[in-house]
Amino acid sequence: MPPPRPQTPPPPATELRQRLAELRGPTTPPHPLDARALAALAANPGCRRRALLDGAGVDKAALARAMGAPATFGQSQFAFARGHAFEARVRAGGGAELLRLLCERLGEEPAVETAVPDLSGGGPQERVGRTRLALEEAVKSGGWTLLFHPMLVLDVAGSPVWLEPDAVVVRPDGGITVVEVKSFPVVDGSADAAKVGAAARQAAVYVLALEALAAAPGLVRHTVLLICPRDFSNLPTAEPVDVRKQVAVTRRQLARLTRVEEIAAALPEGTTFDLRPAGDGGTPTRPAAELEAAVGSVRAAYAPDCLAACELAFHCRAEARTAGAVQTLGRGVRGELGGLTTVEAVLAAALGEDDGALGEGGRDGEDPAVEALRRAAALRNEALTASGAAAGGVLCG
Ligand code: SF4
């Protein structure tokens, strides 16, 4: 009998995929990330919880619902339908209107002929391959090429994230421009600054993904074209948006994300975010307490900004409040308080108490925040004493 052949260990990427599938639930398909989610993830690189859940493809909205803390943000069905209708209008005629707007706003000669390669069908990897080929051919062709919904990929903390911009235009000089179609209006030449900012951050993610895919990353332009409805009509208007700053910030933040395998390796044995309990066909959802314990085993970095960007925000806010964490007061306050991480420690510092509530860095003379709090508390007391004396004087008089 021949000796048994030695088992070849699976490559690390396969092991990681298996581990992430276990965390998500072996029968649960991964919840895809989009550029909006990636921009939000990059905005909070210190949150290991979000990095792991997004990396594992966990549906955070479903998880939040199962824990009794559903998110209340996101686009309504009406907004989705309106967005699709507007995009269809912009794409009509093989993208003629889109190219007209681009040439007009970026000062280009009007396009005479445009190639619109078919990039549809197949899985994400296949579509990324087609997009890469189409980009290479477009750059070589020396003409105009319009790619509708190309598929891009970006490595985020060791996991691939598939991204699909609305459109990408390759110009005769080989320059590659991202085009974002949004349904919020531009009224009298200006739009909601918060929405433009979110669109710019999203476009910056596409720019980074294109740079990773294109053979010559220098060809990817850092000015994107934003197309929105004009005034209160359904007619499109376009504005070039400089996203250099957003690209630099997103690149830096994504590089700071802890790799998903490191976070997964530190989890307690048996941790799972699978909403369905194993082998129990009768119970639709795992008990909230079990899911909360699993979520609580990964460190979060809550900030009030999470409320507009992450499906788990209500859960994380409640957790931070219960712990008395100063993060609930905002990143600015958190930064100012230095080594004081809880409200209890802040109050103890202000009142000059040191009964153990102050952390290691919060003792006298070690943390300038403690000195500043004591000075502020003394000034407040002086002011209160003075106003009390004045009120007493008025009453006596
Ligand atoms: S809500 Fe929670 S999980 Fe989401 S980014 Fe904020 S801290 Fe992280």
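The legends below describe close-up views of a predicted model.

**View 1. Strand 2 and its buried residues.** Strand 2 covers residues 144-148 and is largely enclosed by the rest of the structure, because 5 of its 5 residues are buried, that is, each has under 20% relative accessible area. The strand is covered on both of its faces, with Trp 144, Leu 146 and Phe 148 buried on one side, and Thr 145 and Leu 147 buried on the other.

**View 2. The pairing of strand 2 with strands 1 and 5.** Strand 1, made up of residues 114-115, runs parallel to strand 2 and is joined to it by 2 bridges, and within this pairing Ala 115 has Thr 145 as its bridge partner. Strand 5, which spans residues 167-170, runs antiparallel to strand 2, and 4 bridges join the two. Thr 145 appears in this pairing as well, since its bridge partner in strand 5 is Val 170.

**View 3. The β-α-β unit that contains strand 2.** Helix 6, formed by residues 124-141, belongs together with strand 1 and strand 2 to a β-α-β unit, and this unit is right-handed.

**View 4. The shell of residues around the ligand.** Among the residues that surround the ligand are Asn 44, Arg 49, Arg 50 and Tyr 302, together with the cysteines Cys 47, Cys 306, Cys 310 and Cys 316. Ala 300, Ala 301, Leu 312 and Ala 313 also belong to these surroundings. Sorted by class, the shell holds 9 nonpolar, 1 polar and 2 charged residues, and at least two residues of the shell come from each of helix 3 (48-55) and helix 11 (313-322).

Notes. Residues are numbered from 1 along each chain as its sequence is written. This is a predicted model: local features need pLDDT of at least 70, side-chain atom pairs count only at pLDDT 80 or more; totals for chains, interfaces and linings use all residues. Side-chain values use heavy atoms; hydrogens and water are left out. Buried means under 20% relative accessible area, exposed over 50%, partly exposed in between (1.4 Å probe, protein chains only). Helices (H or I, at least four residues) and strands (E, at least two) are DSSP runs, numbered from the N terminus. Two strands pair if DSSP finds at least two bridges between them. A crossover is right-handed if, with the strands pointing away from the viewer, the path from the first strand over the helix to the second runs clockwise. A residue is near a molecule or strand if one of its heavy atoms lies within 4 Å of it. Ala, Val, Leu, Ile, Met, Phe, Trp, Tyr, Cys and Pro count as nonpolar, Asp, Glu, Lys and Arg as charged, and the others, Gly among them, as polar.
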